[in-house]
Structure formats: C-alpha cells, structure tokens
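Subject: Structure handover

Hi,

Here is the structure I promised to pass along. Have a look at it first, and then read my notes underneath.

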Amino acid sequence: MTDWCYNNKIQRIDFVTSEPAVSFYTGLGAVLNGTAVSSVDGREIPKLYYVIK
C-alpha cells in the first residue's frame with residue numbers, strides 16, 4: 001500500500017483504530033495524533049497518521 005501511495009503522490013495517511021491496535025501501528029511508524037469520536041457509538045478512539053516515505 002505504501003508503494004502505491006508513494007507512486008500516486010500521497011504523502012500522509014490519517015486513520016483511526018481501536019485502542020489495542022495502537023502499539024501495532026506505532027511500531028510500524030505511525031504517530032498517535034489525539035482522538036476522534038466514533039461515528040458508530042460515539043466513544044473516543046485513537047487517531048493516528050503515517051507519513052509515506
């Protein structure tokens with residue numbers, strides 16, 4: 001996916017995830033960037049971003 005993003009000039013991916021998955025994504029280089037409100041149930045969920053290199 002990162003190759004496709006790089007080739008299509010996408011520099012950053014912003015996404016949300018579950019709390020248990022944060023360490024997985026930060027281990028891959030994503031950066032925790034606050035929280036967002038879930039559109040499903042209204043709870044606060046982690047918001048991250050990943051810079052395409």
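The chain has two helices and three strands, and going along the sequence they come in the order α-β-α-β-β. Keep in mind that this is a predicted model.

Some overall numbers to start with. The C-alpha trace spans about 35 × 20 × 15 Å along its principal axes. There are 53 residues in the chain, and 25% of them are buried. About 4,100 Å² of the chain is exposed, with carbon and sulfur atoms supplying 54% of that area. As for charges, there are 5 positive and 5 negative ones, and their mean positions sit 9 Å apart. If you take the contacts between residues at least 6 apart in sequence, 46% of them join residues at least 24 apart.

Now the strands. β3 covers residues 44-51 and pairs with both of the others. With β1 (residues 12-16), β3 runs antiparallel and shares five bridges; R12 has V51 as its bridge partner there. With β2 (residues 31-37), β3 is again antiparallel, and five bridges join the two. On that side, V31 stands opposite Y49. The hairpin of β2 and β3 has six residues between its strands, and G42 in that hairpin takes a positive phi near 80 degrees. That might be a backbone angle to look up when you open the file.

What does I45 touch, once residues up to four places away in sequence are set aside? The list is V16, T17, G34, T35, A36 and S38. I45 belongs to β3, and V16 falls within the residue range of β1, while G34, T35 and A36 fall within that of β2. The C-alpha atoms of I45 and V16 are 6.7 Å apart, although 29 residues separate them along the chain. I45 counts as buried because its relative accessible area is 11%, under the 20% cut-off.

Lastly, the inside. Which residues make up the largest nonpolar core? The six are C5, I13, F15, A30, L48 and I52. One of them, A30, is in contact with F15, Y25, L48, Y49 and Y50, leaving aside neighbours within four places in sequence. F15 and L48 are therefore on the contact list of A30 as well as in the core, where a member has to be buried and joined through side-chain atoms within 4.5 Å.

Over to you!

Definitions and conventions. Residues numbered from 1 in each chain as written. Predicted model: local features only at pLDDT ≥ 70, side-chain atom pairs only at ≥ 80, totals over all residues. Heavy atoms only, no water. Helix = DSSP H or I, 4+ residues; strand = E, 2+ residues; numbered from the N terminus. Buried < 20%, exposed > 50% of the residue type's maximum accessible area, 1.4 Å probe, protein only. Contact = heavy atoms within 4.5 Å. Pairing = 2+ DSSP bridges. Areas by Shrake-Rupley, 256 points an atom, 1.4 Å probe, with all protein chains shown as cover. Lys, Arg positive; Asp, Glu negative; His and termini not counted. Charge placed at Lys NZ, Arg CZ, Asp CG, Glu CD.
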